[in-house]
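Let's take a walk through this model together, one piece at a time. Have the sequence and the 3D view ready.

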Protein chains: 2
Amino acid sequence: MATRVGSSITIRDVARAAGVSRGAVSKVLCNAYGVSPEMKAKVQAVIDELGYRPRISARGMRGSTYTLGVEIPNISNPFFPKIINGATAALSGSRYQLIIVPAGPDHDEDAEAVQVLADRQVDGIVVISSKVPPAWLEDLAEQIPLVMLGRHDPSVSYDTVVGDDLLGASLAVQHLYDLGHRRVVHLTQAQRGADALPGTPHGVRLTGYDEAVRILGLKSETVMVEPDQASARDGAMRLLSDLHEPVGIFAAFDELALGVLEAVGELGLRPAQASVVGYDDTEIASHPLMSLTSVNQSGTQMGAIAVRLLLERIAGRTEAVHEVITPRVMARNSTAAPLAGRDT
Amino acid sequence: MATRVGSSITIRDVARAAGVSRGAVSKVLCNAYGVSPEMKAKVQAVIDELGYRPRISARGMRGSTYTLGVEIPNISNPFFPKIINGATAALSGSRYQLIIVPAGPDHDEDAEAVQVLADRQVDGIVVISSKVPPAWLEDLAEQIPLVMLGRHDPSVSYDTVVGDDLLGASLAVQHLYDLGHRRVVHLTQAQRGADALPGTPHGVRLTGYDEAVRILGLKSETVMVEPDQASARDGAMRLLSDLHEPVGIFAAFDELALGVLEAVGELGLRPAQASVVGYDDTEIASHPLMSLTSVNQSGTQMGAIAVRLLLERIAGRTEAVHEVITPRVMARNSTAAPLAGRDT
DNA sequence: CTGAAAGCGCTTACAG
DNA sequence: CTGAAAGCGCTTACAG
């Protein structure tokens, strides 16, 4: 930290105090070609003394803002902090800063949040919401480096980082099967709008679930709910209130799984009667009181990779890259062998 | 959303297409004085057609960026999303956008995150981290509207929004007392650096705790830990591993309380033996499996008030305002009457 | 190696 | 009511 705040000081003041031209100061700032060590030292000393900080807006008019933006659909989802932490860590030591714009709760506000970042001329954008229309992103990516997290569509103009949701869902079902469950339920969010397109994480997980269920020959059911904990609880209550045989429930993401655990707790059911698997392995899942089995897809890694891809784009790469993260099941106490299961 | 991305279109293109001057377009954009309805309609039509979006950087050079910034010390703390949601809601419908800059994990990075926002010439900043030196903030506030959340120091140049931590802590102790507890422990984070100054939320809670304990004449102990769940768990393990009498534990914030609940769970203790109270009433506290008694201080309200204060400053207010939020105890199952308590 | 000049895209007095 | 001009603080060719 500079000891002074000094925001009303401009490059002109520094130039004057150092007795050089403004251009020379700029070159020192940017480590540009052609400055003598003495000039550099002299200018740097004045910069430090005055506590000068370059205005990013002015820089933005001429090129780079040294800022990367992350759009977040729902700030309350505990999976996203992991992505941010991964991105921040990957950026530390670089000249770039991270800013986050949370999408509003209403329809279409996800794309608006991305637009807010573009308006501020960030040098690259990480898009997390799967609700942003891919075609629109494709256009935007012509003008600014873009990484989309979680989408499976192979774009030609932007990069993607995505968990292998097909594998993750089948691992979840396989885990329930291995414990002895023969009846499974998939709880996922009702799809609509841009979110109903194929290629969303939830869509692909549903496909993976269906496939695994078919291959393993399980009794299966799918329950669609609103994408929040309370709706998941309600859906699970309906499902579990008259339970005749053990069931393994695979929730499309941890927040839904927590809602299911609510219902399980309220009904006094045990994991042997109703096993629950979530997705994302959010921090709370590993808490002993929750002990939620969940599919981990390393958000930290996703965030770090997203930043790396953006920096590569800024450095000049033009062909699209699509990275896939391999998920794994974190088995905990919310899943157990069924009471009447043949393997018990 | 405009249907086109159109970021390479400038005000010049709009002016040309509409057959007016650039100044005229700018006036339409800003709803400035002196534009005929016909011109306004004509220009607006061209703007929509071309999908023109003003560059914020260019605006920033001339005045407002229509952006408010929020500095967040630790993106993983589930209390902060509440603040963000309150702020976002309070901003919806206004011309202002919210951006968030998370502080890095290292020493002093909190002030740096604030500086990052200032460098981008946001029109106002909400500072959450209590680690930012007040004197430095005082300077910065001379140049840009600033609201500090959670600090109790009455600044003259910036506004504050703070929970009544003195009251909150005493309510927590009183709650334990009312249940019948006569031995209490306060688990809080070790204070150091700027965070060790008086006036931080944790410092004030500690004072409130001490006062309540004295007034009520309780057996008391204070345990200092690192500010994370794992350290809280370890601290609680040491405390609880050989427990001779019931204890009521007041953790300085929910993340620490969750760590205490970990230890309680691992040791197989019941609330009647070790009751736990947290602070912040984060979302997970109300989950039936957690059911953590916690002091609520409405983060949503704090965020909304912070934004309102910033907008007031932008509108011209210059004298500092200090808002206080009243906390209340949300009693849940993690606290209970002690086994051998005289009131049981 | 160093400096003077042009220009990025806006907004805001100022003239007409 | 409308337009031409200046200028915000930078960086980047371009001359010296």
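A good place to drop in is A:Ser130, which counts as buried because it has 22 C-beta neighbours inside 10 Å. For the record, buried takes 20 or more other C-beta atoms within 10 Å of a residue's own, exposed takes 12 or fewer, and partly exposed is in between, with C-beta atoms placed from the backbone. You'll find A:Ser130 in the loop between strand 3 (124-127) and helix 7 (134-140) of chain A. Helices (H or I, at least four residues) and strands (E, at least two) are DSSP runs, numbered from the N terminus. A:Asp110 sits 20 residues away from A:Ser130 along the chain, yet their C-alpha atoms are separated by 8.7 Å.

Some ground rules before going on: this is a predicted model, where local features need pLDDT of at least 70, side-chain atom pairs count only at pLDDT 80 or more, and totals for chains, interfaces and linings use all residues. Residues are numbered from 1 along each chain as its sequence is written, while chains are lettered from A and ligands numbered from 1 in the order in which they are written.

How confident is the predictor about chain A? Its mean pLDDT (the predictor's confidence in each residue, from 0 to 100) is 91, and 94% of the residues reach 70 or more. Residues 1-6 of chain A are another story, with pLDDT under 50.

Chain A is split into domain 1 (11-54), domain 2 (67-163 + 299-326) and domain 3 (165-297), with bounds that come from an automatic or database domain assignment. Between domain 2 and domain 3 of chain A, 14 residues of the former are in contact with 16 of the latter; contact here means C-beta atoms, placed from the backbone, within 7 Å. The centres of these two domains, taken over C-alpha atoms, are 27 Å apart.

Now bring in chain B. A turn of 180° and a shift of 0.0 Å along the axis lay chain B on chain A with an RMSD of 0.1 Å, superposed by least squares on the C-alpha atoms of residues with pLDDT of at least 70 in both. That is the relation of a two-fold axis. Both copies use the same surface, as 100% of the contact residues of chain B recur in chain A.

The contact itself takes 49 residues from chain B and 49 residues from chain A. On the side of chain B that touches chain A, helix 5 (80-91), helix 6 (109-119) and helix 11 (254-266) are among the elements of chain B that each supply at least two residues.

Helix 6 of chain B deserves a closer look: 9 of its 11 residues are buried, including B:Val114, B:Val116 and B:Leu117. Part of what covers them comes from the partner, namely strand 2 (97-102) of chain A, while strand 1 (67-72) and helix 7 of chain B are also included.

Finally, the DNA. DNA strand D is surrounded by 27 residues, and the closest are A:Ile11, A:Ser26, B:Gly23, B:Gly34 and B:Met61. Near means that a residue's C-beta atom, placed from the backbone, lies within 6 Å of the strand. Helix 2 of chain A gives the most to this surface near DNA strand D, with 6 residues. Around DNA strand C there are 26 residues, the closest being A:Gly23, A:Gly34, A:Met61, B:Ile11 and B:Ser26. Which helix gives the most to the surface near DNA strand C? Helix 2 of chain B does, with 6 residues.

Technical notes: Contact = placed C-beta atoms within 7 Å.
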